[in-house]
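Welcome to a short guided look at a protein. Take a moment to turn the structure around before reading on.

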Amino acid sequence: MADRVYLDHAATTDVLEPVMQAVLEQMRIGGNPSSLHGAGRRARATVEAAREQVARAVGCDSAEVIFTSGGTEADNLAVKGLFYQRNGADSRRTRVLLSTIEHHAVSEAAEWLEAHDGAELEWIEVDASGMIDPAEVRALIEKAPESVALVTAMWANNEMGAIQPIAAIAEIAAEYGIPMHTDAVQAFGAIPVNFRDSGVATMAISGHKIGGPMGIGALIATRTTALSPVLHGGGQERSVRSGTIDAASIAGFGAAAAWAAEHLETESRRIATLRNRLINRVREEYPAATLRGPEPETDLEIMKHGPTRRLPNNAHFTFAGCEGDSLLFLLDMAGIETSTGSACNAGVPRPSHVLLAMGVPEETARGAQRFTLGHSTTDADIEALLNALPAAYAQASSAGLAAHTPEASRWH
Ligand code: PLP
């Protein structure tokens, strides 16, 4: 790993040292937090201390933190749990309003409800920079407010970094008494996220995006939000999330949340400034590269207000005439780890649904390359990418889009 350059922190980021210590310490202590004896009580104390750390970092009460196995489970619990509850209480509530740029953890959960439970999905469009207009959410609700089960919109997008007007959308939903969920997996730890001030009913967060362990996350849910459980069993975590509580991972998640809260301001400014240098250089040197997502704040704006439009760690480009995968593999061979931004489906690269929703043509969307920075990113990492990019770009663009043309696929 040592001489490789990792620029895929939105996929997962390095585990922080205090996190490893917290995990190890609890593993040594052991015990099941639900047991009544001393070992159980000690494990429970670890869990409750970590719950408090997470609550402080996201601006909620500790009773509002429901630990899950990660962001995916938190999103599933929110979308399905809210739908079953609201539709069960009033069968007219069948509409689920969701943005066209949601992570699959939200959109696939909603599509499951459409296929199996009578949900009707209505998609909230985004503009060319990937932003939601709250007025559009109002218009969708007002068609028939009594039929809306829930609204869901992500706080910040994992591919192109757009930060959404979550409080404005939640306020509109609240006017009609409709619960709103937000996926804050990418926002938490990168920009200020305050659950209480946002006005949402539920919010998903994840440990491994902020320097915590994988396989741990939380759904933050107000006390008055009723959720139907998705996992059934022993009734741990407010009776909505059964399963033996993973005290060691939770201890690590708590430590990561505390670290993120303490370093948020300095880190988001440091990272955004590095990111701006990367964006400016790519824009200058590659006329074929187009930055996707909102225009980043200038260094001065970042110093004054912090990032407000775009996640500080995100630089996402499409390179015209290049296959994003080719660029990724060529950069990887040069020791630079990046992403195309969207997962391939069963090994088949697909243009990103997020870029398509922003009106990017399919062929252009195939040239996507996402660079995401994190707490371990240095000046030297950005320099290494900028040094490796010319050769990788030249080779990827000479290969062009040939591999995926209909002509080519007919013969292979
Ligand atoms: N939501 C968003 C926006 C994400 O970026 C991710 C992870 O890629 C998830 C949800 C899923 O989180 P987890 O990996 O903890 O299941």
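## Where two domains meet

About 2000 Å² of area is buried between domain 1 and domain 2, and carbon and sulfur atoms give 57% of it. Three residues of domain 1, namely L311, H353 and M358, supply 29% of the area that domain 1 buries against domain 2, more than any other three residues. Please keep in mind that this is a predicted model. If you wonder about the choice of area as a yardstick, the size of an interface is often given as the accessible area lost when the parts come together.

Where do the two domains run along the chain? Domain 1 is made of 5–11 + 264–409, while domain 2 covers 17–258. Their centres, taken over C-alpha atoms, are 28 Å apart. Across the boundary, 23 residues of domain 1 are in contact with 26 residues of domain 2.

## What kind of contacts are there?

Between domain 1 and domain 2 there are zero salt bridges, but 10 residue pairs are in polar contact, with both residues at pLDDT 80 or more. On the side of domain 1 that touches domain 2, α8, β10 (314–319) and α11 (353–357) each supply at least two residues. Which of these elements gives the most to that side? The answer is α11, with three residues.

## Two helices to measure up

Try following helix α2, residues 38–58, from end to end. Its 21 residues should span 30 Å because each residue counts for 1.5 Å, and the end C-alpha atoms are indeed 30 Å apart. Which residues of α2 are buried? They are G40, A43, T46, V47, A50, R51, V54, A55, A57 and V58. As you look at the gaps in that list, it helps to know that an α-helix has 3.6 residues a turn, so residues three or four places apart point the same way. The cover over the buried residues of α2 includes α1 (17–29), β2 (65–68), α7 (195–198), β7 (202–206), β8 (217–221) and α8 (247–285). Just after α2 comes G59, with a positive phi of about 75°.

Now move on to helix α3, residues 71–89. Its 19 residues reach 27 Å from the first C-alpha to the last, close to the 27 Å expected at 1.5 Å a residue. Helix α3 is mostly covered, as 14 of its 19 residues are buried.

## A loop with unusual angles

The loop between β8 and α8 holds Q236, E237 and S239. Is Q236 buried or exposed? Q236 has 16% relative accessibility, so it counts as buried. Leaving aside residues up to four places away in sequence, Q236 touches S34, R241, S242, G243, T244 and I245. E237 is buried too, with a relative accessible area of 8%.

Most residues other than glycine have a negative phi. Against that background, E237 stands out with a positive phi near 50°, and S239, also not a glycine, has a positive phi of about 65°.

## A meeting of distant residues

Finally, find L386 in helix α13, residues 379–399. L386 counts as buried because its relative accessibility is 3%. Apart from residues up to four places away in sequence, L386 touches L278, R281 and V282. Although L386 and V282 are 104 residues apart along the chain, their C-alpha atoms are separated by 7.9 Å.

How values were computed:
Residues are numbered from 1 along each chain as its sequence is written. This is a predicted model: local features need pLDDT of at least 70, side-chain atom pairs count only at pLDDT 80 or more; totals for chains, interfaces and linings use all residues. Side-chain values use heavy atoms; hydrogens and water are left out. Helices (H or I, at least four residues) and strands (E, at least two) are DSSP runs, numbered from the N terminus. The expected span of a helix is 1.5 Å times one less than its number of residues. Buried means under 20% relative accessible area, exposed over 50%, partly exposed in between (1.4 Å probe, protein chains only). Contact means heavy atoms within 4.5 Å. Domain bounds come from an automatic or database domain assignment. Buried area is the accessible area (1.4 Å probe) that two parts lose on being put together, summed over both. A salt bridge is a side-chain nitrogen of Lys or Arg within 4 Å of a carboxyl oxygen of Asp or Glu. A polar contact is a pair of N or O atoms within 3.5 Å; within protein, one must be able to donate a hydrogen and the other to accept it, and residues adjacent in sequence count only if both atoms are side-chain atoms.
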